[in-house]
Amino acid sequence: MTTRTDYIRPLDFKQGRVDMNHGAGGRASLQLIEELFARAFDNPALREGNDGAVLDVPPGHRLVMATDGHVISPLFFPGGDIGCLSVHGTVNDVAMMGATPTALSASFILEEGFPLADLKRIVESMAAAAREAGVPIVTGDTKVVEQGHGDGVFISTTGLGLLPAGRNIGGANARPGDVVLVSGTLGDHGVAVLSQRESLAFDSEVVSDTAALHTLVAALLAAVPEGAVRTLRDPTRGGLATTLNEIARQSGVGMMLDEALLPIQPQVDAACELLGLDVLYLANEGKLIAIVAPEVADTALATLRAHPLGAKAARIGTVQEDPHHFVQMRTRFGGQRVVDWLSGEPLPRIC
Amino acid sequence: MKYVDEFRDGALAQQIGARIRAEAQPGRDYRFMEFCGGHTHAIARYGVAELLPPHLRMIHGPGCPVCVLPIGRIDQAIGLALERGAIVCTYGDTMRVPASPWRAGPLPNARDPLGGPDAQRQVRGLQDSGLSMMKAKARGADIRMVYSAADALKIARQHPEREVVFFAIGFETTTPPTALVVKQAAQEGLKNFSVLCCHVLTPGAIAHILDAPEAQQWGDAVALDGFVGPAHVSIVIGSAPYEAFARDYRKPVVIAGFEPLDVMQAILMLVRQVNEGRAEVENEFTRAVSREGNHAAQAVVAEVLELRESFEWRGLGEVAYSALRLKPAYAAFDAEKRFGLNYRPVADHKQCECGAILRGVKRPTDCKLFGTVCTPDNPMGSCMVSSEGACAAHYAYGRFRDMAPPRSLPVAAPRGGSGSGPAEPDPRQSPELGTCGACSAPNQIPT
């Protein structure tokens, strides 16, 4: 990394704030990049300082590309922040295709006046998440918008991954008879974030589950024959319900879940009761849904459970023929209901 | 979850279901109205209908506070935000209720201190149709979702330079907090806080349904054999106010909690009353409801609010003595007086059957708009908005019953209920659903 020493003074990461100059492309922009982003994300491709990064694609592989915009309030929440979330989210999107994530780009839209201390905290969290995942941030961009035109920080990340030739994992592959697995407890991220909303602050021990799942995916794919894992998806925004509805529609199938088998932390259940929300629609940031062939279901479940990120994995339902593509659920109560798409934003009920 | 899971015990539900089926006499129909939206939600979400016999029909009543909110009142709230520049605070599920097409008309007076140039610019673009508070917010109205009346008061304190209006809706449950914040605002001498009071009362609506012309005109179409009485409302007002209905209309009322086992137990108690020819008020929800209710809550409401002679309910029209307004002593905090609002009733969409559905005359699937142009994503009528609405509950949780069952599916057969699918053997008659002696006495819910 080129070390510049000709800035009048280093960035003040205690009291300083983002100003319009930081996004103007001049010396102030360069200083922000050098003293914050480049130091935190340091890797050979980024060190080149070019407009883009050159990456090798090994023979016999295809590229997978995924992109994600991150807008979250509050920016810091129990168990994480927008920084690590922006790494995990995109790593997971690439991993859900069955690919090995290899590189990320990051684009920041900063609001004028945003404290540099908070930005540093976010960037360092991002860097730590990328290091831990082994996926470098190799290129990026920074823009600053006027105060009142942003919400502190927006981060967009794009991920590239390598997919072995012949591997086909996708939302359209679920078949009747397949088994639906989930890698752990549901709704943790949603409740952790809600508990910190200014208007809704309540005491909760629930922390976000935000995590990079590519090693979990790798373990699963290694444990079963090629083709036995039909679909992988992380149930983020919209939760389990929306994700399963997406898959049901893509694959032209229905699903039947068993409510009694859904792994849910008691604290999350209680928070949902309090707020009148349905855990099935709450976001998860460190969980995956795997739809697998019935003959490998036990092996797949055992493999997920053997991994630290899948310790509470569960078999929650089956794929079935259904021309209406309904996701349904047998309730713990002995009844049956549709598990519908999310309509709009989940809103608390009045009574 | 302690104190919750006990009320969602599937095995006990099967037992109570078996007892209901055993005691519901063949050749006789049972039609019970669950007045409260919370009960509608519980019945749909937990699939309670699956456990009931085909000749026992649950009719969704007008007890969803969002569903009964007339368009004209939402228009008033939107108008305050868009035309008068006020911060309007509202409970979350009110945000999506469809309002009327925004009326073209004279722009707000430029000299009006509440309608500045920004408000005028916003209004100019609003000649289109189909506003809601959420859509109005996207057009620049300062509408904020709050979780309590106290949050609205907090916003008023934070913005002394702005008019802050709390759009107060709901039944007796949400009324005491509204009365309390008005009292607090008066004590603090807040000059910028007011309440658009749309609180409604349960007894007036029940009487209205029982007195409805259809009840006499169409006979069996809306005949009701009893009510599952409200849960949270009854915590506030007690069980005594329902005694007149039981006595005068000969309708049994069983007050029930919102947990699915509560609802099932209440249904069993209603079946028994009907079988025995009794019409009494019984209280399944004894762990929270007393005969007299919450005196402190009643006192603060009585101090701040008074009865309106009449109030429009969506679907029910004008209902006498069924709503509240602020007393003259608190007129300074009454948004209707403060802003000189005149109420303008607005008709529902011509094909919308919300009115008939709220009165129990029609089922959601009887409405031509249901599931076609009217869905939770694009609600035309109020019953499709809140998850407690009859249409939204059926759409979100129960519409599989309207479809032909998929092949190779071991699912429950379509019900008579609101479905129209082909008949199949009723799985609820399966041998494992035997009767249970433990459920023969009322109130077997573990407490």
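Is B:Phe227 buried or exposed? The tour comes to that residue after a look at both chains.

**Before starting**

This is a predicted model, in which local features need pLDDT of at least 70, side-chain atom pairs count only at pLDDT 80 or more, and totals for chains, interfaces and linings use all residues. Residues are numbered from 1 along each chain as its sequence is written, chains are lettered from A and ligands numbered from 1 in the order in which they are written, and side-chain values use heavy atoms, with hydrogens and water left out.

**Stop 1: chain A as a whole**

Select chain A and show it as a cartoon. Its secondary structure amounts to 9 helices and 13 strands; these are DSSP runs numbered from the N terminus, helices being H or I with at least four residues and strands E with at least two. The C-alpha trace spans about 70 × 60 × 35 Å along its principal axes. The radius of gyration of chain A is 21 Å, which agrees with the value near 20 Å for a compact globule of 351 residues. That radius is taken over C-alpha atoms, and the globule rule is 2.2 Å times the number of residues to the power 0.38.

Of the 351 residues in chain A, 56% are buried. Buried means under 20% relative accessible area, exposed over 50%, and partly exposed in between, with a 1.4 Å probe and protein chains only. The accessible surface is about 14700 Å², and 50% of it belongs to carbon and sulfur atoms; the areas come from the Shrake-Rupley method with a 1.4 Å probe, and for residues only the protein chains shown count as cover.

**Stop 2: A:Arg233 and A:Ser251**

Select A:Arg233, in strand S8 (residues 229–233) of chain A. Its relative accessible area is 19%, so A:Arg233 is buried. Its side chain makes a polar contact of 3.4 Å with the side chain of A:Glu246. A polar contact is a pair of N or O atoms within 3.5 Å; within protein, one must be able to donate a hydrogen and the other to accept it, and residues adjacent in sequence count only if both atoms are side-chain atoms. Not counting residues up to four places away in sequence, A:Arg233 touches several residues, including A:Met96, A:Gly171 and A:Lys287; contact means heavy atoms within 4.5 Å.

A:Gly171 also leads to the next selection, A:Ser251, whose contacts beyond four places in sequence are A:Gly171, A:Ala172, A:Asn173 and A:Ala174. A:Ser251 is in helix H7 (residues 239–251) of chain A and counts as buried at 15% relative accessibility. A polar atom of its side chain lies 3.0 Å from the backbone nitrogen of A:Ala174.

**Stop 3: backbone exceptions**

Most residues other than glycine have a negative phi, and most peptide bonds are trans. Go to A:Pro74, in the loop between strand S1 (61–70) and strand S2 (76–77) of chain A. The peptide bond from A:Ser73 to A:Pro74 is cis, with omega near 0°.

Next select A:His325, in the loop between strands S11 (314–320) and S12 (327–330) of chain A. A:His325 is not a glycine, yet has a positive phi of about 60°. With 26% relative accessibility, A:His325 is partly exposed.

In chain B, B:Tyr321 also has a positive phi, near 45°. B:Tyr321 sits in the loop between strand S12 (317–320) and strand S13 (324–326) of chain B.

**Stop 4: strand S1 of chain B**

Now show chain B, with 16 helices and 13 strands. Of its 447 residues, 60% count as buried.

Which residues make up strand S1 of chain B, and how many of them are buried? Select residues 30–36: 7 of the 7 are buried. S1(B) runs parallel to strand S2 (residues 56–63) of chain B, joined by 6 bridges; two strands pair if DSSP finds at least two bridges between them. B:Cys36 is opposite B:Gly63 in S2(B). From S1(B), the chain passes through helix H2 (residues 37–45) of chain B to S2(B), in a right-handed β-α-β crossover. Right-handed means that, with the strands pointing away from the viewer, the path from the first strand over the helix to the second runs clockwise.

S1(B) also pairs with strand S7 (residues 226–229) of chain B, in the parallel sense over 3 bridges. The bridge partner of B:Phe32 in S7(B) is B:Gly226.

**Stop 5: B:Phe227**

Stay in strand S7 of chain B and select B:Phe227. B:Phe227 counts as buried, because its relative accessibility is 1%. Its C-alpha is 5.8 Å from that of B:Glu34, although the two are 193 residues apart in sequence. Leaving out residues up to four places away, the contacts of B:Phe227 include B:Met33, B:Ile206, B:Leu210 and B:Leu270.
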